[in-house]
Amino acid sequence: MDPFVVMLVTCFSEDRASIRKTIESLSLTHYNNSKKLLFVVCDGLIVGSGNSESTPDAVLSLFSGVDGIIEEESQSYIAVADGEKRQNMASVHAGYYENSLGGKVPMVCVIKRGMPSEAGQMRSGNRGKRDSQLILFNFLASMNSRTPPQMSSLEVDLAIKIQRINGGINPSCYSQLLMVDADTAVQEDALSYMVQAMSNDPKIMGLCGETKVENAHESWISRTQVFDYYISHHFGKAQESVFGRVLCLPGCFSMYRVKDIPSSADYADEHLLIDNDVLLPYQEHEADTLHMKNLLHLGEDRYLTALMTMRFPDRRITFVPQAICYTTVPHTFSMLLSQRRRWINSSMHNSVKLLTATNRNELWVLVLKTYILLELISTTLLPITFCGILLSLLLGITDVLFELLVNTLLASLVILCVRLDFAMISDLLVYLSALPLWYFVFPLYGFWSQDNFSWGETRKVEGEDSEEQSPQQQQHSESSSGLGNFAMKALRKKRTYLFFFIIFVLAFQLGAFVAHTFNVHKHSSH
């Protein structure tokens with residue numbers, strides 16, 4: 001029997017066209033509409049930069065037969081934030097989305113509206129993407145609680161309205177969760193591939209498909225990311241999938257097993273995503289160290305994957321290449337710089353988290369930790385690698401250039417053999433033209449910006465600057481995301497020491513690299 005699937009779409013500042021594209025693609029997936037539930041969360045009363053309407057207005061306009069805003073009573077809940085932002089209000093809107101083929105899919109929209117004291121603010125109700133996810137996670141945990149749960153008024157409202165639109169099905173029946181960003185389009189067969197993979201292997205607790213670039217030809221910046229996305233999936237995630245431990249299920253397109261359905265005899269009635277040992281650390285709202293702040297506020301998708309890996313070491317997290325989606329990537333340098341800064345720092349801190357985890361000392365655990373350690377080291381060595389190659393070329397050591405050309409030709413040959421796609425060769429060349437960005441600019445900027453927890457150019461709100469915020473806006477951002485008790489001045493001082501220590505280590509490594517290169521070149525010339 002096909003499981004019930006809830007499809008979570010988190011929104012912030014996207015426009016109506018982007019949100020419609022995502023919801024339309026999900027509604028057209030080859031899966032029984034009566035077993036799908038669209039669950040949309042609007043993270044505040046936000047008007048994105050350049051938009052003519054707020055994000056909640058854009059979502060509400062997509063309801064079938066609904067014209068304009070639906071007035072619903074707001075309900076209270078405990079948010080992932082500090083101080084006065086700890087309390088929040090949200091309204092629940094339920095109905096159906098009618099796709100282009102006439103099919104109707106049950107849809108729920110949760111709009112985070114904020115407390116009355118936030119009225120008129122540009123980010124009223126905004127508490128972050130992790131808070132949006134936890135609204136659904138905690139609701140599912142309450143509905144599957146083995147003891148009488150203490151449900152918030154928001155969760156009670158959700159339970160009543162979901163049963164009203166899905167034929168009276170208890171929300172506890174939803175055993176799988178697909179998470180998609182509001183700028184992503186899912187292929188029609190993607191959901192069926194992911195559900196089938198879950199059904200074929202009951203040990204799988206999470207998986208992801210392949211994410212491709214939708215706006216590849218929008219600019220040179222977006223084109224450089226095509227090959228990067230390809231190798232990160234077909235080399236990175238495919239390799240990690242061999243261990244059964246994909247280290248990051250991307251928030252834009254991934255699926256989790258909420259719990260085991262009764263047909264899974266070996267693991268019957270075991271909570272997975274909604275397990276307390278996963279939810280409690282994930283909803284932590286106080287962070288007083290640089291490490292914890294990077295875990296909680298940069299790359300929540302990677303942290304959630306790490307928590308699942310540590311909690312269930314016998315389970316599998318895998319990659320399903322047949323499931324494909326298309327996402328809109330940054331098309332300007334400033335947007336890409338902000339994104340990669342978050343990704344690099346999140347990756348490094350989550351790697352440290354997994355390395356220090358006290359799992360059982362089995363062989364596969366040691367192998368996985370060795371792999372993570374090598375990946376962490378390679379990330380820190382990217383700048384020195386680029387500097388070494390550049391210096392070798394400037395000094396006339398042509399062996400390095402020859403090796404680069406050989407590796408490029410070999411990579412092209414592999415692509416032709418695997419994909420039979422000549423267009424990918426051009427994408428490889430464009431990617432290579434951006435090596436200074438991937439190997440030098442982005443890593444160093446990430447190392448220097450360890451204390452920058454903003455979303456920068458990738459999440460712009462009408463009326464606000466991108467990276468620079470006023471003191472009032474920064475205070476709001478810090479309190480709403482759990483930054484209130486953090487000593488930023490002390491952190492920046494430590495950040496400076498750490499950065500120059502890294503520069504010293506890189507300079508030492510560069511000197512060793514040059515000395516070794518000269519030595520090898522000298523002996524080869526003789």
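This is a short dialogue on reading packing in a predicted model.

Reader: Where do I start? How many helices and strands does the protein chain have?

Author: Start with the inventory. The protein chain has 16 helices and ten strands. Keep in mind that the model is predicted.

Reader: What percentage of the residues count as buried?

Author: Of the 526 residues in the protein chain, 53% count as buried. Look at the contacts too. Take those between residues at least 6 apart in sequence: 77% of them join residues at least 24 apart.

Reader: Next, the nonpolar core. Which residues have the most contacts inside the largest one?

Author: The largest nonpolar core holds 59 residues. Phe39, Val108, Val110, Phe137, Leu158 and Leu177 have the most contacts inside it. Helix α3, residues 129-143, gives the largest share of this core, with eight residues. There is also a second, separate core of 39 residues. Among its members are Ile19, Leu62, Ile204 and Cys252.

Reader: Take Phe137. Which residues is Phe137 in contact with, leaving aside neighbours within four places in sequence?

Author: The list is Leu177, Met179, Leu273, Ile274, Leu279, Tyr282 and Leu304.

Reader: Now a single residue in a helix. Is Ala197 buried or exposed?

Author: Check its relative accessibility against the cut-off. Buried means under 20%. Ala197 has 15% relative accessibility, so Ala197 counts as buried. Ala197 lies in helix α5, residues 190-200. Setting aside neighbours within four places in sequence, Ala197 is in contact with Ile204, Leu207 and Val320. Ile204 also belongs to the second core. Then compare sequence with space. Ala197 and Thr318 are 121 residues apart along the chain, yet their C-alpha atoms are separated by 9.3 Å.

Reader: And a residue in a strand? Which residues does Ile78 touch, not counting those up to four places away in sequence?

Author: Ile78 touches Arg86 and Gln87. Ile78 sits in strand β3, residues 75-78. The C-alpha atoms of Ile78 and Asp131 are separated by 9.4 Å, with their positions 53 residues apart along the chain.

Reader: How do I read two packed helices? What describes them?

Author: Two packed helices are described by the angle between their axes and the distance between the axes. Try α10, residues 333-355, and α14, residues 435-448. Their axes come within 8 Å and cross at roughly 70 degrees. Angles of 65 to 115 degrees count as roughly perpendicular. So α10 and α14 are roughly perpendicular to each other. The crossing is right-handed.

Reader: Which residues of α10 and α14 meet?

Author: From α10, they include Phe333, Leu336, Arg340 and Ile344. From α14, they include Trp438, Val441, Phe442 and Tyr445. By class, this contact has twelve nonpolar, two polar and two charged residues.

Reader: At what angle do α13 and α14 pack?

Author: The angle is about 35 degrees, and the axes are 4 Å apart. Helix α13 covers residues 422-433. Tyr431, Leu432 and Ser433 of α13 make the contact with Leu435, Pro436 and Trp438 of α14. By class, there are five nonpolar residues, one polar and no charged ones.

Reader: How far apart are the axes of α6 and α13?

Author: Helix α6, residues 220-242, packs with α13 at about 110 degrees, and the axes are 8 Å apart. Therefore α6 and α13 are roughly perpendicular to each other. Their crossing is left-handed. Trp220, Phe227 and Tyr230 are among the α6 residues that meet α13, and Met424, Leu428 and Tyr431 are among those on the α13 side. The contact divides into ten nonpolar, three polar and three charged residues.

Note on methods. Residues numbered from 1 in each chain as written. Predicted model: local features only at pLDDT ≥ 70, side-chain atom pairs only at ≥ 80, totals over all residues. Heavy atoms only, no water. Core = buried A, V, L, I, M, F, W, Y, C linked by side-chain atoms within 4.5 Å. Buried < 20%, exposed > 50% of the residue type's maximum accessible area, 1.4 Å probe, protein only. Helix = DSSP H or I, 4+ residues; strand = E, 2+ residues; numbered from the N terminus. Contact = heavy atoms within 4.5 Å. Axes fitted to C-alpha atoms, helices over the stretch in contact; angles between N-to-C directions. Parallel < 35°, antiparallel > 145°, perpendicular 65-115°, else oblique. Left-handed = near helix turned anticlockwise from the far one by under 90°. Nonpolar A, V, L, I, M, F, W, Y, C, P; charged D, E, K, R; others polar.
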